[in-house]
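Here's a walk through one model, from how its copies are arranged to its inner spaces and its contacts with nucleic acid. Have a look at it first, then read on.

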Number of protein chains: 2
Amino acid sequence: MTEHPFHKHINSFVSLTDTDFQTILTFFKEQHFQKKELLLGAGDICNNNFFVVKGCLHMYFINDRGTERTVQFAIENWWLTDFLAFQKQSASEFYVRAIEDTDVLSIRHNNLEALLEQFPIMERYFKSIYRIAYGSSLNRTKYLFDFSKEEIYFHFVDHFPEFAQRVPQYLIASFLGLTPEYVSEIRAKKRS
Amino acid sequence: MTEHPFHKHINSFVSLTDTDFQTILTFFKEQHFQKKELLLGAGDICNNNFFVVKGCLHMYFINDRGTERTVQFAIENWWLTDFLAFQKQSASEFYVRAIEDTDVLSIRHNNLEALLEQFPIMERYFKSIYRIAYGSSLNRTKYLFDFSKEEIYFHFVDHFPEFAQRVPQYLIASFLGLTPEYVSEIRAKKRS
DNA sequence: CGGATCGTTGATCAACTTCAACGGTCGTGG
DNA sequence: CCACGACCGTTGAAGTTGATCAACGATCCG
């Protein structure tokens with residue numbers, strides 16, 4: 001029997017028996033979302049935290065001019081939600097939507113509390129998750145700051161070629177903070 | 001006897017007896033740094049994590065053109081270090097420097113491991129710390145993206161007036177990703 | 001007093017956005 | 001299975017934001 005991807009992921013941070021993992025799974029709901037389906041709306045109470053088993057999500061907001069801005073992608077083995085709102089059980093600042101057909105494990109706030117109560121070792125797991133996410137976010141800030149938009153774009157496609165494959169160009173633009181038109185332009189320039 | 005600020009901060013997330021807190025303190029080193037003093041250099045192995053008891057730090061890097069870019073400030077009750085490098089015990093991407101005379105509690109990586117071993121409840125505390133830091137970082141990303149530089153500046157001074165007081169203008173500029181000259185310009189424009 | 005530090009001002013210019021129009025491709029319904 | 005529309009990428013012209021550079025002022029502190 002092959003190990004569940006989520007169990008494998010947890011085990012890369014802390015050790016968990018198969019029995020414990022099976023119990024832990026009961027705190028979650030397995031859900032499938034179709035491409036373009038909405039998991040969380042801005043303004044909704046943020047009840048759920050999502051773990052991507054297979055597929056791809058993005059979290060975004062819509063600004064005054066009506067354009068979408070992606071703040072985070074999540075592929076296999078990433079957690080995604082509006083963490084501040086999830087914690088406070090308040091209205092989400094962001095939308096979460098499936099980019100591809102996606103399988104997630106979702107957990108409600110009260111179930112996560114109960115899970116942590118019963119399995120304190122999972123505190124350690126989530127500590128690691130948040131620490132990595134925060135570190136990555138700071139590194140991203142570094143690039144957003146310092147590089148020109150052109151450098152930002154090529155840095156991204158060089159470092160995460162798998163994204164460039166999976167995700168449409170206009171979403172990458174939305175993630176990196178430039179316009180689709182400008183992406184076209186610098187790609188054309190590069191080609192020549 | 002007044003409660004130690006660090007104990008107070010921990011207690012806002014988890015409950016800790018005074019005895020336990022006194023033991024926990026022994027894992028830390030109390031340090032004082034003068035204004036402008038360096039706590040961590042880019043390229044150094046990142047051994048320490050810093051908790052600000054009193055004062056103000058900033059974390060920054062220096063880009064190709066030789067200009068400083070601040071990725072994070074830390075005032076009272078904030079943790080600061082290059083978390084990715086701290087975890088991997090690798091070379092830091094960033095500098096950490098005191099902006100004011102600052103008292104910190106610093107903890108080495110192996111001591112933190114030992115502390116968490118002995119007081120598993122602190123896993124929960126650090127989980128909360130990282131989650132908040134990550135959430136805040138995502139929110140900051142939101143503003144960096146979406147607002148014009150002018151909006152970014154005024155949003156910051158409106159929301160964190162205490163910073164605008166304590167921190168020189170050129171450091172705020174370095175944090176927000178604009179030039180000191182441009183800050184001058186928009187402040188002048190606003191005044192008229 | 002003299003130097004270092006920090007903020008200001010103005011001119012020039014490049015990077016990037018905005019807007020409008022077009023073309024290719026994919027999927028869905030007739 | 002074809003046709004139509006939605007979706008996505010491209011192109012080019014015009015306009016704007018914000019960086020860069022250089023010089024000057026103000027203030028603080030030894």
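A quick word on terms before we start: helices are DSSP runs of H or I with at least four residues, numbered from the N terminus. Keep in mind, too, that this is a predicted model.

## How the two copies sit together

Chain A can be laid on chain B by a rotation of 180 degrees with 0.0 Å of shift along its axis, and the RMSD is 0.0 Å. The two copies are thus related as by a two-fold rotation axis. Both copies use the same surface, since 100% of the contact residues of chain A recur in chain B.

## The largest cavity

There are two cavities of 30 Å³ or more in the structure. The largest one holds about 50 Å³ of space. Its lining takes in Phe86(A), Gln87(A), His109(A), Leu112(A), Glu113(A), Leu116(A), Phe126(A) and Tyr130(A), along with Lys127(B) and Arg131(B).

Which helices build that lining? At least two residues each come from H3 (83-88), H4 (109-118) and H5 (121-146) of chain A, and from H5 (121-146) of chain B. H4(A) supplies the largest share, four residues. Sorted by class, the lining of the largest cavity has five nonpolar, two polar and three charged residues.

## The second largest cavity

The second largest cavity contains about 30 Å³ of space. Chain A lends Met59(A), Asp82(A), Phe83(A), Leu84(A) and Phe94(A) to its lining, while Gly135(B), Leu138(B) and Asn139(B) come from chain B.

H3 of chain A and H5 of chain B each put at least two residues into this lining. H5(B) gives the most, with three residues. By class, the lining of the second largest cavity splits into five nonpolar, two polar and one charged.

## Around DNA strand D

DNA strand D has 16 residues around it, and the ones that come nearest are Gln169(A), Tyr170(A), Ser184(A), Lys149(B) and Tyr182(B). Of the strand D atoms that come within 4 Å of the protein, 78% are sugar and phosphate.

What do the individual phosphate contacts look like? A polar backbone atom of Gln169(A) is 2.7 Å from a phosphate oxygen of DNA strand D, and a backbone N or O atom of Lys149(B) is 2.9 Å from one. With Tyr182(B) the side chain is involved: one of its N or O atoms is 3.0 Å from a phosphate oxygen of the strand.

As for helices, H8 (169-176) and H9 (180-191) of chain A and H9 (180-191) of chain B each bring at least two residues to the surface near strand D. H9(A) accounts for the largest share, four residues. This surface has five nonpolar, five polar and six charged residues.

## Around DNA strand C

DNA strand C is also surrounded by 16 residues, with Lys149(A), Tyr182(A), Gln169(B), Tyr170(B) and Ser184(B) the closest. Of its atoms within 4 Å of the protein, 74% belong to sugar or phosphate, and bases make up the rest.

For the phosphate oxygens of DNA strand C, a polar side-chain atom of Ser184(B) lies 2.7 Å from one. Backbone atoms also take part: an N or O atom of the Gln169(B) backbone lies 2.8 Å from a phosphate oxygen, and a polar backbone atom of Tyr170(B) is 3.2 Å from one. H9 of chain A, plus H8 (169-176) and H9 of chain B, give two or more residues to the surface near strand C. Here the largest share, four residues, is from H9(B).

Notes
Residues numbered from 1 in each chain as written. Chains lettered and ligands numbered in written order. Predicted model: local features only at pLDDT ≥ 70, side-chain atom pairs only at ≥ 80, totals over all residues. Heavy atoms only, no water. 1 Å grid on protein atoms, 1.4 Å probe; cavity = no way out; pocket = protein on both sides within 12 Å on 5 of 7 lines; lining within 4 Å. Points joined across faces, edges and corners; volume = space filled by probe spheres on them. Nonpolar A, V, L, I, M, F, W, Y, C, P; charged D, E, K, R; others polar. Least-squares fit on C-alpha atoms with pLDDT ≥ 70 in both. Contact = heavy atoms within 4.5 Å. Near = heavy atom within 4 Å. Polar contact = N/O pair within 3.5 Å; in protein donor to acceptor, adjacent residues only side chain to side chain.
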